[in-house]
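This report introduces a protein model to a reader who has not met it before. Please look over the sequence and the structure below before reading on.

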Amino acid sequence: DQAAGEGAGAVGGGGEHPYELSATFKPLRRGGVEAAMRQHSDLLMLVGDHGTAISTLKLLSSDLKSDKLPFHYAAAQEALAMASILSGGSVSASIMHLKEAFLRYAEVIGREQGLSKSLAALYCTRVALRWALLLESLNRLSEASWIVMRAHFHEGNTRAAFLLEYAAHFLVQQRPAKLRKYGFYLVLAALRYGQSEENSLAFMAHLKAIEVLKDRGWDILEEHVHEALDHEWTALGDDAKALEHAVSMLRCFNLPEHLQAAHMAHVIDVHGKLAKTAKTAAPGPIPIGVPVLDTAHATVLCAGSHDYYDETSRSTSSRVWKDMELDFPRAKALTMHGRHKSGAPGHGTACVGEDIVVKITVSNPLKMSLEMVDVELLCEMSGEQEERAGRDGQEFQETLRSTTNMILGPGEEDVLTLTCRASAPGSVLIHGVRWNLGGVPCMVEFQPQMSRWSLDPELRPAR
């Protein structure tokens, strides 16, 4: 600090030019009592006599404070804190001296301009980092984060961004971690990096932020980060990654209607651009997430779930039906996870040529209407004919699926009914639903063990 003061005198000290230091940084008078005490305390620190150094610095601080020399007073308080730490003294006393130094440096920053202000900010940041490290060693992470956060206001964009990331580092170390605040600090750091044209560092800050912000209901903050990553991936030429973040923006359900409509149009534009630039096949269906299909509670109806009867069957006695039921196997009911009511995994049974009906609750969480076009089940058929067709090099297609359309208003909920039918014995795997939304192919998948239905050619309905 003494050398810095001498350098300030060499520059001039008038403060009239932006590259000159003001009178605040004028060195202590050579041969004066204050200068001698400061040199004496530095020498005592050098030889390890920390106790005498602390006593000397306390007297010096008192004189500098009464002489209204805030910069030199702050430097003495900083040296006093370091001497207290090295002597193994009270940690609370060291924190008190660092706090006083930080406040006095901040006071100098508020008065100065140009180079003087930058130099004071540099000293202020140094004290803040030492203070934060001391608090971290005591596991007082919340206070450490607050100190570094306060210090960033005095710095330029790049230094401020680094300090914001450092403050976020303390937040994520806490138990429980303050994830929302952590993500918010990273977003602020990315903005500062962007203002200083450090685009790669801003990109990295956004990537770290989205890991803790996504799917937590913090829609405004999450939408901002997804939009930034969408633009950054587009600038890098990766339209597929840009589409992922464009779709994620659409899943922020608490945004105003005009923003949701804008995000929907953006998804359509990005998907169209990706389809035009695709070198091989066009992009397949994407899990867009809107509308929301409650696939976990889908209802599946097949053999054993329908009644087959005519007018004459109503006059038949119940005894006849019970005897017939003994002659035919009955399909067991399935829960939503593809398991029998007994808890064991199993497969439902349907007749060849019979419709397998799937009913799914569909809800529109957006504040705009959605039109689902060409909605159908995603099915796969397997069996002996498939293996034979594969050996012959032919395509096997024995599953017939129905398509339908549906329009959902803002916040509306409805039941979607879809059917598929197998025309040959084998096994049918229903693994999802596909539809078009504004020209964008969309899909949602069921759970892996959701609905595999075996088709028995010998089974015939009892009613």
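In which sense do strand β9 and strand β10 pair, and over how many bridges? In this predicted model, strand β9, which covers residues 426-437, and strand β10, which covers residues 440-445, pair in the antiparallel sense, and the pairing runs over 6 bridges. Within this arrangement, Asn436 stands opposite Pro441, a residue of β10. The hairpin that β9 and β10 form has 2 residues between the strands, and in this hairpin Gly438 takes a positive phi near 65 degrees. As general background, the side chains in a regular strand alternate between the two faces of the sheet.

**The chain as a whole**

The protein chain has 463 residues, of which 41% count as buried, and its secondary structure comes to 15 helices and 11 strands. Among the contacts with a separation of 6 or more, 68% are accounted for by residues that are 24 or more positions apart. The chain exposes about 24400 Å², and carbon and sulfur atoms supply 53% of that area.

**Backbone features in loops**

Two residues that are not glycines, Lys68 and Asn139, have a positive phi. For Lys68 the angle is about 55 degrees, and the residue lies in the loop between α3 (50-66) and α4 (70-86). Lys68 counts as exposed because its relative accessibility is 71%, and the cut-off for that class is over 50%. For Asn139 the angle is about 65 degrees, and the residue is found in the loop between α6 (114-137) and α7 (141-151). With a relative accessible area of 59%, Asn139 is therefore exposed as well.

Cis peptide bonds are the next backbone feature, and the table lists two of them with their omega values.

| Cis peptide bond | Omega |
|---|---|
| Arg175 to Pro176 | near 0 degrees |
| Val290 to Pro291 | about -10 degrees |

Pro176, at the end of the bond from Arg175, lies in the loop between α8, which spans 157-173, and α9, which spans 179-195. Pro291, which is joined to Val290, lies in the loop between α13, spanning 257-277, and β1, spanning 292-293.

**A buried serine and an exposed leucine**

Is Ser145 buried or exposed? Ser145, which is found in helix α7, is buried, because its relative accessible area is 2% and the cut-off for that class is under 20%. A polar atom of the side chain of Ser145 lies 3.0 Å from the backbone oxygen of Ala167. Leaving aside residues up to four places away in sequence, Ser145 touches Ala167, Phe170, Leu171 and Tyr185. Ala167 thus appears both in the list of residues that Ser145 touches and as the residue whose backbone oxygen lies 3.0 Å from the serine side chain.

Leu46 offers a contrasting case, for this residue of helix α2 (residues 33-47) counts as exposed, because its relative accessibility is 72%. Which residues form a nonpolar patch on the surface with Leu46? They are Leu43 and Val47, and together with Leu46 they have about 350 Å² of accessible area.

Notes: Residues numbered from 1 in each chain as written. Predicted model: local features only at pLDDT ≥ 70, side-chain atom pairs only at ≥ 80, totals over all residues. Heavy atoms only, no water. Patch = residues over 30% accessible without salt bridge, like charges linked within 9 Å, V, L, I, M, F, W, Y side chains within 5 Å. Areas by Shrake-Rupley, 256 points an atom, 1.4 Å probe, with all protein chains shown as cover. Salt bridge = Lys/Arg side-chain N within 4 Å of Asp/Glu carboxyl O. Helix = DSSP H or I, 4+ residues; strand = E, 2+ residues; numbered from the N terminus. Buried < 20%, exposed > 50% of the residue type's maximum accessible area, 1.4 Å probe, protein only. Pairing = 2+ DSSP bridges. Polar contact = N/O pair within 3.5 Å; in protein donor to acceptor, adjacent residues only side chain to side chain. Contact = heavy atoms within 4.5 Å.
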